[in-house]
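Please walk me through this structure in the viewer, one selection at a time. Tell me what to pick next and what I will find there.

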Amino acid sequence: MSGQAKELKVAPSSNGDSRGSWEEKEEFHQDNLGLTTKPTPVTGRRARKVEGGVFFPKPENAVTIAVSTRVLFRTDREQKVFQQKGVEEYLRYQIEHENEPFAPGPAFPFVKALEAVNARLRELYPQSEELFDIVLVTYNHAHVGIRLINTINHHNLFIERFCMTGGSSPIGYLKAWHTNLYLSADSEKVREALAEGIAAATMFLPEKQTEVSESQLRVAFDGDAVLFSDESERIFKAHGLDKFFEHERDNEDTLLDHGPLKGFLEALGKLQKKFYAKGQRLNCPIRTYLVTARSAASSGIRALKTLRAWGLEIDEALFLAGAPKGPMLDKIRPHIYFDDQMFHVEGAAEMGTIAAHVPYGVAQKHNAKQNTSVGK
């Protein structure tokens with residue numbers, strides 16, 4: 001597929017983020033992301049202060065976003081060292097280069113947008129712990145921690161919470177952090193998180209990346225098997241479009257069950273309401289989108305009634321009636337788009353949108369088995 005998400009291969013590893021390491025099929029240049037062209041050495045730690053003092057929210061009060069190292073940063077060169085020379089040389093290499101920051105990865109603009117929202121929240125609610133709290137989750141050995149800290153300071157990120165598991169599964173720690181969203185490129189770990197009731201998605205790296213807002217966080221969701229259950233999608237897969245429409249008409253007033261990312265939308269809505277309470281609805285730095293293949297008149301009403309019954313607002317709803325999602329997403333320019341079907345993830349990637357796959361529901365039986373993620 002022309003312009004599809006970059007395909008990488010997984011090989012056994014104890015490197016950084018996972019027991020699986022990733023090998024690119026072809027060279028990827030960092031400037032394709034539009035973020036950096038060449039890493040520059042870290043010259044020293046940068047002090048980061050929060051207006052009114054530095055404090056860290058309790059996990060149960062915050063909206064906790066866990067990101068793996070290899071979606072937040074690019075670690076391709078280090079992976080090659082591990083694959084070719086083994087873990088001891090890999091650790092030695094990391095220590096020798098610990099003053100050289102990693103380049104930004106696909107989750108980087110999303111994390112920067114989270115921090116922009118936090119800055120606005122702190123202005124309005126200086127003592128509130130209802131903020132985004134970012135946790136860096138990695139399989140890395142603690143020796144690599146110094147380079148990660150140097151990289152975070154170099155990019156002026158406010159990430160103080162690390163979870164470095166040294167090869168162990170992070171899923172138990174995600175639960176302890178009250179994680180609202182886990183982003184990784186290890187699809188198996190994402191499935192484990194979903195099985196534990198944690199909203200999670202596998203991130204993908206397009207060959208190009210569109211510019212996104214630096215002041216407004218934009219998050220786009222598919223409907224079925226993402227915000228909602230896969231109930232209706234099962235009808236469509238088993239019986240076709242006509243039966244699907246009939247099922248939706250017959251069940252128009254029956255709420256859809258929740259899907260794996262309903263809780264994350266709920267968390268975003270909770271923060272949005274804090275801005276609304278200060279009269280900033282029209283200037284809110286969080287904007288959400290429903291981008292669904294459903295038809296508006298034939299099957300959209302049930303989705304909208306379900307969201308309303310849940311007390312959740314979507315800022316914009318696009319019912320595409322089967323039309324490609326990529327062009328619409330190109331207009332939205334979200335920091336992240338969630339979908340359960342690889343067809344739509346790849347379509348988004350073709351247009352330069354950072355897309356994340358939610359491996360949930362009946363569509364997984366129909367998805368192509370190609371793994372095109374960037375590595376964990």
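The tour goes from the whole chain to one strand, its partners, a cavity and a helix.

**Whole chain**

Start with everything shown. This is a predicted model. Colour by secondary structure: the chain has 13 helices and 14 strands. Of its 376 residues, 58% are buried. Now consider the contacts with a separation of 6 or more: 77% of them join residues 24 or more positions apart. Switch on the surface. The accessible area is about 16300 Å², and carbon and sulfur atoms account for 48% of that.

**Strand β6**

Hide the surface and select 132-138, which is β6. Is this strand enclosed or open to the outside? It is largely enclosed by the rest of the structure, because 7 of its 7 residues are buried, each with under 20% relative accessible area.

Show the side chains. Side chains in a regular strand alternate between the two faces of the sheet. In β6, F132, I134, L136 and T138 point one way. D133, V135 and V137 point the other way. Both sets are buried.

**The strands paired with β6**

Add residues 63-68, strand β3. β3 and β6 run parallel and are joined by 6 bridges. Which residue stands opposite D133? Pick T64.

Next add residues 161-164, strand β7. This pairing with β6 is also parallel, over 4 bridges. For a landmark, select V135 and R161: they are bridge partners.

**The largest cavity**

Keep β6 on screen and add α4, residues 108-124. Each of these two elements supplies at least two residues to the lining of the largest cavity. It is one of 5 cavities of 30 Å³ or more found in the whole structure. The space inside is about 110 Å³.

To find the spot, select R122, F132, D133, I134 and F158. Of the 13 lining residues, these lie nearest the cavity centre. F132, D133 and I134 should be familiar: F132 and I134 point one way from β6, and D133 points the other way.

What kinds of residue make up the lining? There are 7 nonpolar, 1 polar and 5 charged.

**Helix α2**

For the last stop, select 76-85, helix α2. Which of its residues are buried? They are D76, E78, Q79, V81 and F82. Then step just past the end of the helix to G86. Its phi is positive, about 95 degrees.

Conventions. Residues are numbered from 1 along each chain as its sequence is written. This is a predicted model: local features need pLDDT of at least 70, side-chain atom pairs count only at pLDDT 80 or more; totals for chains, interfaces and linings use all residues. Side-chain values use heavy atoms; hydrogens and water are left out. On a 1 Å grid over the protein atoms alone, a cavity is a set of points where a 1.4 Å probe fits but cannot get out, and a pocket is an open set with protein on both sides within 12 Å along at least five of seven lines; lining residues have an atom within 4 Å of a point. Grid points are joined across faces, edges and corners, and a volume is the space filled by probe spheres set on the points. Ala, Val, Leu, Ile, Met, Phe, Trp, Tyr, Cys and Pro count as nonpolar, Asp, Glu, Lys and Arg as charged, and the others, Gly among them, as polar. Buried means under 20% relative accessible area, exposed over 50%, partly exposed in between (1.4 Å probe, protein chains only). Contact means heavy atoms within 4.5 Å. Accessible areas come from the Shrake-Rupley method with a 1.4 Å probe; for residues, only the protein chains shown count as cover. Two strands pair if DSSP finds at least two bridges between them.
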